[in-house]
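Student: Could you take one part of this model and walk me through it closely? I'd like to hear about the helix packing, and then whatever else you'd look at next.

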Amino acid sequence: MTLSDDVVGFDQWLIGDPGDPLFPISMQLEAWDYARDLQLDARLDLDFEAAVKALGMPDGENLKLAIVVNIGTGSGRFARRMQSAFKKVIEAPIEEPLIISLPVDSCNLSGRLLVRLEILLAEDIATDNPLTPRIAGSRLWSDTSNVHLEDGGDARFPMEVLSFKQAFQGQRQVDSPWYLHMRPGSPEADFTGSVRLYVNADHEIFAERVSKGDPVTLQTMLGDVMIQMCRSALEDEEARDTLNDCEEGSVGSQITGWLELAFPNMSIEDIHGLMTATPSAFHASLLSTADMGDTE
């Protein structure tokens, strides 16, 4: 069981220059530069009574919620670094909406700004309802905004749409909706020069969704890319040992960034162990990291 948008009462983030009127966040922020600080504001008008019912809890149950905001930045389609920007535990009764106001220092930004707002269960709940979340930290609701900061760096993943029937005639990938071309075992190679993602134009509906930036389609496809590249690096002992030493802009640097986002505070060896022991959890974590929010 989770919370609906109506129960949470969240509309959208507002963004702009500190001290100036803010405007609704969108997929691109124009005229940004490294000397331009930003301001993020949001409003949550939580209905606690409806939240208790939505989670299948008994009437009158004392529900405590943790409101958490993490902000990420980095070049490319994915945030390279994530950090906690806000955390507050709230409980009923609430007499007025919760206002979140976050200054964002330009020195901490590069080509992309990712803002992830989550509502978590703040305390364990004793309940007999098998569908009710009961463990502190359970995610009840989330919203992700992903913004390209103009002139803030290369935000384009090396991607190309083409007909696989023409380009890969007679090859195994001819009917695949996408195909990742990379050179395994070369973490030091330049990312944009050695990696390319091909989208099959023969799958017209899928290719159209990609071109329109459909969030679920992009998350599925790019999550698969992350899984392929991360597994390839982690399964290669020599490549695994050199990941942390790769320069910015390299394949290894990009892989390290993805791993840091998906598995914070875990060493490369620990992540390798998780991948070997529970591959499904490894895959799901990377797919979650590929969530780019609404890019419409």
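Tutor: Let's start with the crossing of H6 over H10, which is right-handed. Keep in mind that the model is predicted. H6 covers residues 215-235 and H10 covers residues 279-289; the two pack at an angle of about 130 degrees, and their axes lie 8 Å apart. At that angle H6 counts as oblique to H10, since the roughly perpendicular range stops at 115 degrees and roughly antiparallel begins over 145.

So who touches whom? On the H6 side, the contact is made by Gln-219, Thr-220, Gly-223, Asp-224, Met-226, Ile-227, Cys-230, Arg-231 and Leu-234. H10 answers with Pro-279, Phe-282, His-283, Leu-286, Leu-287, Ser-288 and Thr-289. Sorted by class, the residues in this contact come out as eight nonpolar, six polar and two charged.

H6 has another partner to look at, namely H9. Here the packing angle is about 110 degrees, with the axes 10 Å apart. H6 and H9 are therefore roughly perpendicular to each other, because the range for that label is 65 to 115 degrees. From H6 the contact uses Arg-231, Leu-234 and Glu-235, and from H9 it uses Ile-268, Ile-271, His-272 and Met-275. The class split for H6 with H9 is four nonpolar, one polar and two charged residues. Notice that Arg-231 and Leu-234 turn up in the contact with H10 and again in the contact with H9.

Just before H9 sits a backbone detail worth a click. Asn-265 lies in the loop between helix H8 (251-262) and helix H9 (268-277). Asn-265 isn't a glycine, yet its phi is positive, at about 65 degrees. Its relative accessible area is 85%, so Asn-265 counts as exposed.

While we're on the backbone, have a look at Pro-93 too. The peptide bond leading from Ala-92 into Pro-93 is cis, with omega near 0 degrees. Pro-93 belongs to the loop between strand E6 (81-91) and strand E7 (98-104).

For contrast with that exposed asparagine, try Asn-70, in strand E5 (residues 64-73). With a relative accessible area of 19%, Asn-70 is buried, though the cut-off is 20%. Setting aside neighbours within four places in sequence, its contacts are Met-82, Gln-83, Ser-84, Ala-85, Leu-114, Val-115, Arg-116 and Glu-118.

Now on to the rings. The structure holds nine aromatic pairs. In one of them, Phe-168 and Tyr-179 have ring centres 5.4 Å apart and planes at 75 degrees, so that pair is edge-to-face. The two residues are 11 apart along the chain: Phe-168 is in the loop between helix H3 (164-167) and strand E11 (178-181), and Tyr-179 is in strand E11. Phe-168 is buried, at 10% relative accessibility, whereas Tyr-179 is partly exposed, at 25%.

Phe-168 also pairs edge-to-face with Tyr-198, at 5.7 Å centre to centre and 75 degrees between the planes. This pair spans 30 residues of chain, since Tyr-198 is in strand E12 (residues 196-200). Tyr-198 is buried, with a relative accessible area of 16%. Add Phe-164 and you have the whole group: Phe-164, Phe-168, Tyr-179 and Tyr-198 form one aromatic cluster.

Note on methods:
Residues numbered from 1 in each chain as written. Predicted model: local features only at pLDDT ≥ 70, side-chain atom pairs only at ≥ 80, totals over all residues. Heavy atoms only, no water. Axes fitted to C-alpha atoms, helices over the stretch in contact; angles between N-to-C directions. Helix = DSSP H or I, 4+ residues; strand = E, 2+ residues; numbered from the N terminus. Parallel < 35°, antiparallel > 145°, perpendicular 65-115°, else oblique. Left-handed = near helix turned anticlockwise from the far one by under 90°. Contact = heavy atoms within 4.5 Å. Nonpolar A, V, L, I, M, F, W, Y, C, P; charged D, E, K, R; others polar. Phe/Tyr/Trp six-rings, centres within 6.5 Å; stacked < 30°, edge-to-face > 60°. Buried < 20%, exposed > 50% of the residue type's maximum accessible area, 1.4 Å probe, protein only.
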